[in-house]
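Trainee: Could you pick one part of this model and take me through it up close? I'd like the geometry along with the cut-offs behind the words.

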Amino acid sequence: MHSGLHGRGALFDTDPPGLVARLVGLCPFQHGPTPLEYAKEPPFVVFTGGPGLGKSAVLGELRAAYQGHTPLALIDCEDELFARPPAQRPGEAWSPVSQAVLTIAEQLAEPVAGAGRIAFPRLTAGLLAVAASGWRDRDLPRIRQEAERILLLNDTGSWVAGFTGRWVGRVSTRLVDALSGTGLVVEPIIEATLEVFSEGVTPTHRRLRKAATWYRDCPSAGGNPKLGLILLSGHFRAGGDSRTHAERYLVRALLADLDDAYTGAVQRTHRPGRPVVLVDNVQATAGVGLIGSVLRDRADGIADRVAFFAGLRGDGHPSLHNAARRALPEVARATGWEPGGTVSSHALLVPLPPPTTASPQAVEAGR
């Protein structure tokens with residue numbers, strides 16, 4: 001460990017591998033491959049405890065251990081970024097969870113050693129449909145800025161110089177041109193999105209077409225991707241349980257896009273280990289929605305490839321009532337975890353004892 005955070009060997013050991021290495025499939029800091037403890041579904045690990053027990057420090061150590069070597073994202077759900085919509089963004093077109101999904105995707109997209117950027121076309125289509133609910137005031141600079149930020153999730157670092165910038169600018173112009181009059185513009189925006197996603201013959205356009213058709217499987221869409229996106233936008237705008245349902249689809253789109261980056265022999269060769277998502281203060285609204293979406297899909301048999309680690313203030317949360325609990329020393333060599341028949345049983349709570357700040361050598365010398 002590089003931070004002077006001692007007493008966490010059960011997490012960060014490499015020989016034999018601790019919990020982190022066994023769930024990610026890469027040794028922390030050394031980045032050599034190590035066997036996965038769970039080849040299919042790993043537990044959603046939640047570090048628990050009161051203030052001062054080092055939950056944020058552990059997540060920071062995880063980021064330092066893997067950043068640049070496997071796709072990684074870290075968010076703090078108590079950050080101001082997730083507290084309220086940006087200026088001029090209507091509340092019906094924004095939520096802490098949608099902001100979290102966008103922020104996580106932007107970080108996961110960054111290239112890592114031996115592999116390029118990851119694109120998120122499914123998530124792009126979903127986020128555009130949600131954002132379009134707030135495009136009613138003809139504030140074109142704001143609308144263009146929002147659209148371009150979302151569209152940049154499809155940047156794969158193309159070798160064709162300037163391709164992404166030109167494509168994003170062209171598509172955002174098409175979307176803005178689809179606006180007319182006042183009132184909701186969701187349907188014309190979705191139509192324009194599907195049109196531009198279906199054009200062209202490059203690998204990028206093939207990926208976009210595949211992403212667009214993904215929404216035909218939404219409940220009540222009847223195999224129609226346009227209707228699927230309209231329903232997604234409407235559910236999000238409605239709030240309450242309907243919004244929770246829509247947010248779950250945005251999280252699922254993020255993870256489905258990420259799965260594509262690992263599909264096929266070539267991709268697996270260039271992307272050893274699992275992508276890592278770190279969620280601090282998961283008890284805040286963005287975190288509750290995110291973990292709820294992931295756990296429910298896993299309980300429904302919808303797999304993902306992500307190693308999730310979270311920090312939770314306190315000893316538990318109502319949404320994690322049936323999660324397994326293991327003391328830190330108990331996870332040093334194996335977790336003994338298996339999911340049960342409830343949604344929250346797909347999580348694993350690990351209470352953190354107080355950290356030691358002195359190295360074992362220093363402790364021995366002081367005796």
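**Around helix 11**

Mentor: Sure, whole chain to start: about 15500 Å² is exposed, with carbon and sulfur atoms supplying 54% of that (Shrake-Rupley areas, 1.4 Å probe, only the protein chains shown counting as cover for residues). Keep in mind that this is a predicted model, where local features need pLDDT of at least 70, side-chain atom pairs count only at pLDDT 80 or more, and totals for chains, interfaces and linings use all residues. Residues are numbered from 1 along each chain as its sequence is written, and side-chain values use heavy atoms, with hydrogens and water left out.

The chain has 14 helices and six strands (DSSP runs numbered from the N terminus: H or I of at least four residues, E of at least two). Of its 367 residues, 50% are buried, meaning under 20% relative accessible area.

Now zoom in on helix 11, residues 240-260, and its partner helix 5, residues 121-131: their axes come within 7 Å and cross at roughly 155°. The axes are lines fitted to C-alpha atoms over the stretch in contact, with angles from 0 to 180 degrees between N-to-C directions. So helix 5 is roughly antiparallel to helix 11 (the label for over 145 degrees). Helix 5 brings Pro 121, Arg 122, Leu 123, Gly 126, Leu 127 and Val 130 to the contact, and helix 11 brings Leu 250, Ala 253, Leu 254, Ala 256, Asp 257 and Asp 260; contact means heavy atoms within 4.5 Å. By type, that's eight nonpolar, one polar and three charged (nonpolar: Ala, Val, Leu, Ile, Met, Phe, Trp, Tyr, Cys, Pro; charged: Asp, Glu, Lys, Arg; polar: the others, including Gly).

Take Ala 253, in helix 11: it counts as buried because its relative accessibility is 0%. Neighbours within four places aside, Ala 253 touches Arg 122, Leu 123, Trp 214 and Tyr 215. Its C-alpha lies 9.5 Å from that of Val 101, 152 residues apart along the chain.

Helix 11 also packs with helix 13, residues 285-299, at about 70° with the axes 9 Å apart. That makes these two roughly perpendicular, the label for 65 to 115 degrees. Glu 247, Arg 248, Val 251, Arg 252 and Leu 255 of helix 11 meet Leu 290, Ser 293, Val 294, Arg 296 and Asp 297 of helix 13. Here the split is four nonpolar, one polar and five charged.

Notes:
Angles under 35 degrees count as roughly parallel, over 145 as roughly antiparallel, 65 to 115 as roughly perpendicular and the rest as oblique. Buried means under 20% relative accessible area, exposed over 50%, partly exposed in between (1.4 Å probe, protein chains only).
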